[in-house]
Amino acid sequence: MSNKEGSGGFRKRKHDNFPHNQRREGKDVNSSSPVMLAFKSFQQELDARHDKYERLVKLSRDITVESKRTIFLLHRITSAPDMEEILTESEIKLDGVRQKILQVAQELSGEDMHQFHRAITTGLQEYVEAVSFQHFIKTRSLISMDEINKQLIFTTEDNGKENKTSCSDAQDKQFGTWRLKITPVDYLLGVADLTGELMRMCINSVGNGDIDTPFETAVTCVLQELILLHEWGSFYYSGCGPQTTSISTTQERDRNAESQTPPQNQNLHLTRSQGD
């Protein structure tokens, strides 16, 4: 029997030849080494990012719930005797939603919003739906993305209330101003959800004997949707920003186009008259 084999005939392992204390000291890791310090910093950064993501998810859930409550309140306008009272109450609720959005803006201060966009997109879409529904009831028109973003500029001077005056980024940092911009995707998806609320409002109006509101809503929505598709279609396919087009300018352009006869139709008319 060789020296490498034990008494039972089994082959000894190589590390069995070393003392036990020496093997134990070899397993200890130097916690002050640069590699361990780097991984500890990575761990702290990932934990902080994960905690921030979870806080944003909770805020987005609160924004979604309060926005839905605002929409439910606005649906009472078809049967309520006082329209202004409901609009005032809905504005108070939307102010509370904006306070939640202020907390989101503070969490995203100094961060890349696109890294956390998935955590807040549901709440932002629901807010766009609520604020556009209120705007449509007031003005019978579709609110633009710029108007929504102007409402999401906050400053410490008003104790967290929104400040609708625009200012530069340098002034934002100087006076403690936070802002959150709605992305085009959130805006379009929120407006797409708005159509369902308008359909529900038209059904409730018909049930209360109001026939004019459904027709007025249908005509306005068709024109606004066509203009919106034209603006954002030019934005995505031509690389230009969305054109500022209104219903009046569109109708005027259509009237000018109808007053001018295309050259091919004139030639066709002359050819037929000469042949006759």
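A residue counts as buried under 20% relative accessible area, as exposed over 50%, and as partly exposed in between. Keep that scale at hand for the exercises below, and remember that this is a predicted model.

**Exercise 1. Find your way along the chain.**
Task: How many helices and strands are there in the chain, and in what order do the elements run?

Solution.
- Step 1: Begin with the count, which gives 10 helices and 2 strands.
- Step 2: Now walk from the N terminus, where the order reads α-α-α-α-α-β-α-β-α-α-α-α.
- Step 3: For a view of the interior, take the 276 residues of the chain, of which 32% count as buried.

**Exercise 2. Study a pair of rings.**
Task: Which residues form the aromatic pair, and how are their planes arranged?

Solution.
- Step 1: The structure holds 1 aromatic pair. Its partners are Phe39 and Phe42, with ring centres 5.9 Å apart.
- Step 2: The planes meet at 75 degrees. Angles over 60 degrees count as edge-to-face, so this pair belongs in that class.
- Step 3: Place the rings in the fold: Phe39 and Phe42 are 3 residues apart in helix α2, or about one helical turn.
- Step 4: Apply the scale from the opening. Phe42 has a relative accessible area of 44% and is partly exposed, while Phe39, at 54%, is exposed.
- Step 5: Look at the surroundings on the surface. Val35, Phe39 and Phe42 make a nonpolar patch of about 330 Å².

**Exercise 3. Follow a salt bridge between two helices.**
Task: Which residue forms a salt bridge with Lys100, and which parts does the pair tie together?

Solution.
- Step 1: The partner is Asp62, and the closest N and O atoms are 3.8 Å apart. The cut-off for a salt bridge is 4 Å, so the pair qualifies.
- Step 2: Lys100 lies in helix α3 and Asp62 in helix α2 (residues 34–74), so the bridge ties together parts that are 38 residues apart in sequence.
- Step 3: Check the accessibility of each partner. Lys100 has 26% and is partly exposed; Asp62, with 33%, is partly exposed too.
- Step 4: Set this pair in context: the structure holds 9 salt bridges.

**Exercise 4. Examine two bridges inside helices.**
Task: Where do the salt bridges Arg98–Asp95 and Glu197–Arg200 lie, and are the partners buried or partly exposed?

Solution.
- Step 1: Start with Arg98 and Asp95, whose closest N and O atoms are 2.7 Å apart. Both residues sit in helix α3, 3 residues apart, which is about one helical turn.
- Step 2: Arg98 is buried, with a relative accessibility of 2%, whereas Asp95 is partly exposed at 26%.
- Step 3: Widen the view, and Asp95 and Arg98 turn out to be linked with Glu91 and Lys138 in a network of salt bridges.
- Step 4: Move on to helix α7 (residues 184–207), where Glu197 and Arg200 are 3 residues apart, about one turn of the helix. Their side chains meet at 2.7 Å, N to O.
- Step 5: Glu197 is buried at 11%, and Arg200 is partly exposed at 39%.

**Exercise 5. Locate a negative patch.**
Task: Which residues form the negative surface patch?

Solution.
- Step 1: The members are Asp82, Glu84, Glu85 and Glu89.
- Step 2: Take one of them, Glu85, and trace its backbone to helix α3 (residues 83–107).

**Exercise 6. Connect distant stretches of sequence.**
Task: What distance separates the C-alpha atoms of Ser205 and Thr78?

Solution.
- Step 1: Along the chain, Ser205 and Thr78 are 127 residues apart.
- Step 2: In space, their C-alpha atoms are separated by 5.8 Å.
- Step 3: Ser205 has its place in helix α7. With a relative accessible area of 3%, Ser205 is buried.

**Exercise 7. Inspect a backbone angle.**
Task: What is notable about phi of Arg140, and where is this residue found?

Solution.
- Step 1: Recall the general pattern: most residues other than glycine have a negative phi.
- Step 2: Phi of Arg140 is near 55 degrees, a positive value.
- Step 3: Arg140 is found in the loop between α4 (117–139) and α5 (145–150).
- Step 4: Finish with its accessibility: at 23%, Arg140 is partly exposed.

Terms used
Residues numbered from 1 in each chain as written. Predicted model: local features only at pLDDT ≥ 70, side-chain atom pairs only at ≥ 80, totals over all residues. Heavy atoms only, no water. Patch = residues over 30% accessible without salt bridge, like charges linked within 9 Å, V, L, I, M, F, W, Y side chains within 5 Å. Areas by Shrake-Rupley, 256 points an atom, 1.4 Å probe, with all protein chains shown as cover. Lys, Arg positive; Asp, Glu negative; His and termini not counted. Charge placed at Lys NZ, Arg CZ, Asp CG, Glu CD. Helix = DSSP H or I, 4+ residues; strand = E, 2+ residues; numbered from the N terminus. Buried < 20%, exposed > 50% of the residue type's maximum accessible area, 1.4 Å probe, protein only. Phe/Tyr/Trp six-rings, centres within 6.5 Å; stacked < 30°, edge-to-face > 60°.
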